[in-house]
Amino acid sequence: MIKHIALALTLAVAPLSSFAAQFVEGKHFTVVSNKAPSTEPKLTEFYSFYCGNCFNMEKMYMADIKANLNQKVAFDSKHVDFANTEINTEVMRSLAVIQTLDNQKPLTDAMFKVIQGDNGEKHDHSAPGHKHDEPLKSRDDIKAVFAKFGVTAEQYDAAADSKETDAKLALWRTQQREFKVQSVPSFIVNDKYQINMGSIRTLGELIDLMNYLALEHK
């Protein structure tokens, strides 16, 4: 089951700080690896197509985050595997396939929407009269989503079953454990620091913290 974080923050689009914010280890971020930070600055988002908070993050905030990250900071997305079921693995695999294609944003949005509905209503378990029904039950269901964007079944299978995709999924699972990712969306900076989302109050503060950890924190 997805462990949703309580997004206490209201990620209202706020002006980015023009001064160096004071961020505190243990409050704003946590060290999650004993290894040295990555040699190149990077931000990794761990998320799930099944996660409502992740869908909201994608729809409302990720464009601003990517636009305001320092140009030196690389960005990557990885899918978590909390359920460890056959279909969950297939959904993870779909993100790896998306990352091989040019139209990544439309396909990412489509996967969120087919699982959650346009506004997350399919996975709102608290909604009155909610009846949970998995819209994706097999790889064929996923391929039907991709087909709407011109990806043939043969193209999908070739990418999904490649050694590169298998290696990518193995890495995602390993790093999920290594970085102690227990809720999503989670942001890991430089393969070492996890942002404490509950301590953040504005989008500007979040982006400042991402840039600070990636480029300045030692």
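**Exercise 1. The sheet**

What is the order of the strands in the open sheet of five strands, and is the pairing mixed or not? Then find the edge strands.

*Solution.* This is a predicted model.

Step 1. Read across the open sheet: the order is β1-β5-β4-β2-β3, and the pairing is mixed.

Step 2. Look for strands with a single partner. β1 (29–31) and β3 (74–79) stand at the edges, so one side of each has no neighbour in the sheet.

Step 3. Add the twist. From one strand to the next, it averages 25°.

**Exercise 2. Around β4**

Work out how β4 is joined to β2 and to β5. Which way do its side chains point?

*Solution.* Step 1. Start with β2. Four bridges join β2 to β4 (residues 186–189), and the two strands run antiparallel. Threonine 44 has isoleucine 188 of β4 as its bridge partner.

Step 2. Go to β5. Two bridges join β4 to β5, again with an antiparallel run. Here isoleucine 188 has glutamine 194 of β5 as its bridge partner.

Step 3. Follow the chain between β4 and β5. The two strands form a hairpin with three residues between them. Asparagine 190 lies in the turn and has a positive phi of about 55°.

Step 4. Sort the directions. Ser186 and Ile188 point one way from β4, while Phe187 and Val189 point the other way. All of these are buried.

**Exercise 3. Helices on the sheet**

Find which strands α3 touches and which strands α8 lies across. Is glycine 204 of α8 buried or exposed?

*Solution.* Step 1. Take α3. This helix packs on the sheet and touches β2 and β3. Its direction makes about 155° with that of β3.

Step 2. Take α8 (residues 203–215). α8 lies across β1, β2, β4 and β5 (193–195), and runs at about 175° to β5.

Step 3. Place glycine 204. This residue is in helix α8. Its relative accessible area is 1%, so glycine 204 is buried.

Step 4. Check a distance. Glycine 204 and isoleucine 65 are 139 residues apart along the chain, yet their C-alpha atoms are separated by 8.8 Å.

**Exercise 4. The span of α4**

Test whether the span of α4 agrees with its number of residues. Then list what is buried in α4 and what covers it.

*Solution.* Step 1. Compute the expected span. At 1.5 Å a residue, the 13 residues of α4 should span 18 Å.

Step 2. Compare. The end C-alpha atoms of α4 are 18 Å apart, so the two values agree.

Step 3. List the buried residues of α4: Leu107, Thr108, Asp109, Ala110, Met111, Phe112, Ile115 and Gln116.

Step 4. Find the cover. It includes β2, α1, α3 and α5.

Step 5. Look just past the helix. Glycine 117 follows α4, and its phi is positive, near 90°.

**Exercise 5. The nonpolar cores**

Which residues of the largest nonpolar core touch the most other members?

*Solution.* Step 1. Recall a general tendency. In soluble globular proteins, nonpolar side chains tend to be buried together.

Step 2. Name the residues. The largest nonpolar core has 35 residues, and Phe49, Val91, Met111, Leu136, Ile142 and Phe146 touch the most other members.

Step 3. Find the suppliers. Elements that each give this core at least two residues include β2 (42–47), α1 (52–60), α3 (86–98) and α4 (104–116). The largest share, seven residues, comes from α3.

Step 4. Zoom in on leucine 136. Among the residues it touches are Ile87, Val91, Met111 and Ile142.

Step 5. Look elsewhere. Another core, of 23 residues, lies apart from this one, and Phe23, Val73, Val189 and Ile200 are among its residues.

**Exercise 6. A buried arginine**

Why does arginine 139 count as buried? Which side chains does it join by polar contacts?

*Solution.* Step 1. Locate arginine 139: it is in helix α5 (residues 139–147).

Step 2. Apply the cut-off. Buried means under 20% relative accessible area. Arginine 139 has 16%, so it is buried.

Step 3. Find the partners. A polar contact of 3.0 Å joins the side chain of arginine 139 to that of glutamate 90. Another contact, also 3.0 Å, joins it to the side chain of aspartate 157.

Step 4. Widen the view. Arginine 139 also touches other residues, including Arg93, Tyr156 and Ala160.

Notes. Residues numbered from 1 in each chain as written. Predicted model: local features only at pLDDT ≥ 70, side-chain atom pairs only at ≥ 80, totals over all residues. Heavy atoms only, no water. Buried < 20%, exposed > 50% of the residue type's maximum accessible area, 1.4 Å probe, protein only. Polar contact = N/O pair within 3.5 Å; in protein donor to acceptor, adjacent residues only side chain to side chain. Contact = heavy atoms within 4.5 Å. Core = buried A, V, L, I, M, F, W, Y, C linked by side-chain atoms within 4.5 Å. Expected span 1.5 Å × (residues − 1). Pairing = 2+ DSSP bridges. Axes fitted to C-alpha atoms, helices over the stretch in contact; angles between N-to-C directions. Lists of a residue's contacts leave out its neighbours within four places in sequence.
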